[in-house]
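Reader: I am a first-year student, and I should like to request a close look at a single part of this structure. Please explain each term as it arises.

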Amino acid sequence: MWQPATERLQHFQTMLKTKLNVLTLRKEPLPTVIFHEPEAIELCTTTPLMKTRAHTGCKVTYLGKVSTTGMQFLSGCTEKPVIELWKKHTLAREDIYPANALLEIRPFQVWLHHLDLKGEATVHMDTFQVARIAYCTADHNISPNIFAWVYREINDDLSYQMDCHAVECESKLEAKKLAHAMMEAFKKTFQSMKSDGRIHRNSSSEEVSHGFESDDG
């Protein structure tokens, strides 16, 4: 049956309004971005960040880094670099040398937050990818409070160098806690890379993590 254009338009608008009402009243959850106000969207994205984080972090004194050679990193390989960094540290230190950084070990990254003179975190932060850490240990003859790791640094020209980083902890126990935290972070990173197919499935975390000492002794 033929209808004037205005009647057809009104009929179409009525049908559209009815369908929109049905969609709005559906029980199935609709896309959040479409129906939330901007303030609600912002709240939804920030709410998970308010949960308590389980990442390990402690105040340390960052001793610096020094380049190291070799491709195989076995027990004792950080001893010489740590001695070099320790000597520079002791020459520059005063009677009371406060912590100058906060080391936070996360599942896939290690964050080194630099602290100001008041002991508060600054905007300056060094980030280390756990997958690039070749070795770490808290077992050093020069001081049991030192935790060190060997990191593969990628240069701008895509070449790389191996750097040994070291921090001084408040106690031997804190250094060992960092070593254990790094081991757990590496295991999670390894499992993620294995599930993504970036590591051969026949490999095991024990085989790849030979460079991570547990320091139980």
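Author: What follows is a close look at strand E7 and at some of the parts around it.

The model is predicted, so local features need pLDDT of at least 70 and side-chain atom pairs count only at pLDDT 80 or more, whereas totals for chains, interfaces and linings use all residues. Residues are numbered from 1 along each chain as its sequence is written, and side-chain values use heavy atoms, with hydrogens and water left out.

Strand E7 covers residues 160-168. Its name follows from DSSP runs numbered from the N terminus, where a helix (H or I) has at least four residues and a strand (E) at least two. Of the 9 residues of E7, 7 are buried, so the strand is largely enclosed by the rest of the structure. Here "buried" means under 20% relative accessible area, "exposed" over 50%, and "partly exposed" in between, with a 1.4 Å probe and protein chains only.

The partner of E7 is strand E6, residues 146-154, and the two run antiparallel over 9 bridges. Strands are said to pair if DSSP finds at least two bridges between them. One of these bridges joins isoleucine 154 to tyrosine 160 in E7. Together E6 and E7 form a hairpin, with 5 residues between them. Leucine 158 belongs to that loop, and its phi, near 75°, is positive although the residue is not glycine. Leucine 158 is also exposed, because its relative accessible area is 70%.

Glutamate 168 also belongs to E7. This residue is buried, because its relative accessible area is 13%. Its side chain makes a polar contact with the side chain of histidine 89, at 3.3 Å. A polar contact is a pair of N or O atoms within 3.5 Å; within protein, one must be able to donate a hydrogen and the other to accept it, and residues adjacent in sequence count only if both atoms are side-chain atoms.

Beyond E7 comes helix H5, residues 172-195. Its 24 residues should span 34 Å at 1.5 Å a residue, and its end C-alpha atoms are 35 Å apart, which agrees. The expected span is 1.5 Å times one less than the number of residues. After H5 comes glycine 197, whose phi is positive, near 85°.
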